[in-house]
Amino acid sequence: MGAQARTLCIEAADAAPAAPLSFRDVAEADRARAEFGYDALLDGIQNGRFCGIPVTGPGPQVLIEVLRRRLWPVSARDIAGATPHFPNVFGLAEIRATLRNLGLGTRKVRHRGDDLAALPPGTMVIDGARVLFVDTPAYAAPVLRDCAGGQSIAIRRGRIYDCLLVEDRRDAKADQREPLRREIATRFRPELRLLVLLTTLSSSLVIAASMSVAFVFEAVLPSEAMDTLAAICIGLVGLMAIDIRLRRIRARVAARVSGRLDYIVSSRLYRKLLRLPLAMLLASPNSEQLDRLKQFEAVRDFAAGPGMMVLLDLPFVAALILAILIVNVYLGLVVFATLGVLAAIAALAIPRIRDLVTRHGASRRTYQRLLGETLNHAGQIARRGLGPAFAARLQPAFRDEIEAQAALDRSVATLGAGLSIVMTLSVASIAFVGAWQVIEGNLSGGALVACIILGSRLFGPVQQALFVLMRADGLLRTFRQIDAMMALPSEQAADMRPDERRADPAHLPVTFENLVMRYPGASEPALKALDVEIPAGRLTCIGGPSGAGKTSLLRAIVGNHPIQSGRVLLGPINLAQWTGHKKAELIGYVGHDAFLIHGTVAQNLRLTAPSATMADLEVVTDELGLLDRIRKLPKGFDTVLDKATEASMTPTFRAQICIARILLGRPGILLLDEIEANLSPDDERRLIAAIERRLDRMSCILVTHRQSIMTRADRLLVLQNGRVAFFGTPSANERRKP
């Protein structure tokens, strides 16, 4: 199937989703499967190339079947980035999450058996633990097929089936969602309705119990009807048991909403964070970004804490106030007076507490930033014996954070004590005023007892509401921050021009035109109007003293830091126009730090080439002299590189893993930044030999201080104070030296 035919098939699938798959559609899908490599992708998931461990069960087959029926174009890199890492299971939740990462959303619906044949291709029919698909054989009735077992199951026309519709979510406006507050209200509408119902029932039981107590005092006790009293007591116990049960159900529903909300917000924020432009990600230290993400937990705390319950109880509080006011006006005035005092206390205390919260947040961020910087450079600090100096630097920030926390705790405790006193006085006032009204004959004793019970019940939510009100600004600010973050422009894969599609980095020079780069806070630029053209298909070494701008030059190519002036060109193409994803496909970069993920050795190697076979891994690691050391690991290529394993590895081994990973990706340009510092002479010779064997399809730019590497280079670029001091052949550089 050609590219045009494939596009037509995809467009047809999206434009007319209601058409079921016929035998002709299946044939087209089979040809698309051969082109997109669905079978290879399924094999990769099942054998652990993408998830890190082999995945058993029908989950992978269901996932690939959805993609096949949708004729969804997907690559090994897409699958590797979408599937879960080391999954314990690969069930329906993992299938839906993977589809979402691939741009396909799922939506739960219910349909009669008569309607299943009209559902869009790829729709999953949930039948107990099985996931089925609708097939429409020629000249036969539609059936359900189990892709894992291959069985065909007749459709029961009158039965209601649970289905998962698969929808295209690749819309460019996917990030421009409705505000999070509105989305929460929409998404959790069934749960919110259930919470409202449970709260209403529980509150009604409280009112019924209060009225029962009033009835006991007014009718049962005067008549000394002990049988009636016993029945009422049994009924009250039953009401209490039902109320406890309703509250437990409400707590479970609220906990489910809280957990689900935490998952939705966290996963969405992290996905958004990793889709932002690289320059934006590097603009803030990791400690500040982690602290900012930590603040978003306020959304979960609102759902799990008293915030949601207060919102549910407030209408009931208004009903209780109205009930007391109807029973007796004077008791209602006592309640209103209490609310007025509480409002006055809140008006005086809450602004101060909010100021203290702001102060505590600022001091905490300062301490977290300093602590993060210290931990990031802990190795250097320990080697240089700077521990006491950095501890003294942290101590004032830590003291400010503790003092701010103590002041905030004191204010909150004082407010809580004041509210408790007001509540106690209010209940006592209801009792005294009610007793006066009983003496005056305006209120019965039973009604007084009922009012005392109702008053005690309504002041609890009011007190909680005041504490929630203290955090309302912070919660609303958190919602606004989340909405603002989700509205940030993501790094999108831009359409490439025809000349860019034909571009082969291995045969195009890298040109720096009047390049100026300055790091934040630096007094001098790292690169000063640098102009040089590095030839294609050659090994170019960059030398010079420390601080000359060697690393900055590589970072300008990769785009890790923005440039203030000038351009970096790949042939005629300005690299600033390419996204970070496109650069990563064509440019391989190994910096000072060996980047390893928590995964197996094979997973770390396949980060640049997800579809690489075990033979590919063995060839490239053997080429670098790494294969024997990997085979000596406890599980060879399947050894998990956790913290304990990494700590036992030499810097050389870590660096070679990173180099092998980059070579597996077959980059058009290879950038190496002083990686030879961890390599022995034999390792160095193997690396240079591996590079030279690839120079027909790759250019290499290598920052080094080793003369043995410089002499083997085709070109040598010497930098001095951010400028070009020499550019030419290594032999010419030797001749120019005095």
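Arg260 is partly exposed, with a relative accessible area of 35%. In this predicted model, Arg260 belongs to helix α9, which covers residues 226-274. Once neighbours within four places in sequence are left aside, Arg260 is in contact with Arg187 and Phe188. Phe188 is 72 residues away from Arg260 along the chain, yet their C-alpha atoms are separated by 9.5 Å.

**The chain as a whole**

The protein chain has 738 residues, of which 44% count as buried. Its secondary structure comes to 29 helices and 16 strands. Among contacts with a separation of 6 or more, 75% are between residues 24 or more positions apart. The chain exposes about 37100 Å², and carbon and sulfur atoms supply 58% of that area.

**Two buried helix residues**

Glu623 is found in helix α23, residues 614-623. With a relative accessible area of 17%, Glu623 is buried, because the cut-off for burial is under 20%. The side chain of Glu623 makes a polar contact of 2.8 Å with the side chain of Arg693. Not counting neighbours within four places in sequence, the contacts of Glu623 are Arg686, Ala690, Arg693 and Arg694. Arg693 therefore appears both in this contact list and as the polar partner of Glu623.

Ser552 is found in helix α20, residues 550-558. Ser552 also counts as buried, at 6% relative accessibility. Residues up to four places away in sequence aside, Ser552 touches Met517, Tyr519, Ala526 and Leu527.

The table lists relative accessible areas for four residues, including Arg666, which is taken up further below.

| Residue | Relative accessible area | Class |
|---|---|---|
| Arg260 | 35% | partly exposed |
| Glu623 | 17% | buried |
| Ser552 | 6% | buried |
| Arg666 | 71% | exposed |

**Helix α4**

Helix α4 has twelve residues, 59-70. At 1.5 Å a residue α4 should span 16 Å, and its end C-alpha atoms are 17 Å apart, which agrees. Eleven of the twelve residues are buried, so α4 is largely enclosed by the rest of the structure. Charged residues are on the buried list, including Glu65, Arg68, Arg69 and Arg70. Other buried residues of α4 include Gly59, Pro60, Val62, Leu63 and Ile64. After α4 comes Leu71, which has a positive phi near 55°.

**Positive phi in loops and a turn**

Most residues other than glycine have a negative phi. Phe86 has a positive value, near 55°, and is not a glycine. Phe86 is placed in the loop between α5 (76-82) and α6 (92-101). Arg666, also not a glycine, has a positive phi of about 50°. Arg666 lies in the loop between α26 (651-664) and β13 (669-673), and is exposed, with a relative accessible area of 71%.

Another positive phi, about 55°, belongs to Asn721 in the turn of the hairpin formed by β15 and β16. Two residues lie between these strands. Strand β15 (residues 715-720) and strand β16 (residues 723-728) pair in the antiparallel sense over five bridges. In one of the pairings, Leu717 has Phe727 of β16 as its bridge partner.

Technical notes: Residues numbered from 1 in each chain as written. Predicted model: local features only at pLDDT ≥ 70, side-chain atom pairs only at ≥ 80, totals over all residues. Heavy atoms only, no water. Helix = DSSP H or I, 4+ residues; strand = E, 2+ residues; numbered from the N terminus. Expected span 1.5 Å × (residues − 1). Buried < 20%, exposed > 50% of the residue type's maximum accessible area, 1.4 Å probe, protein only. Pairing = 2+ DSSP bridges. Contact = heavy atoms within 4.5 Å. Areas by Shrake-Rupley, 256 points an atom, 1.4 Å probe, with all protein chains shown as cover. Polar contact = N/O pair within 3.5 Å; in protein donor to acceptor, adjacent residues only side chain to side chain.
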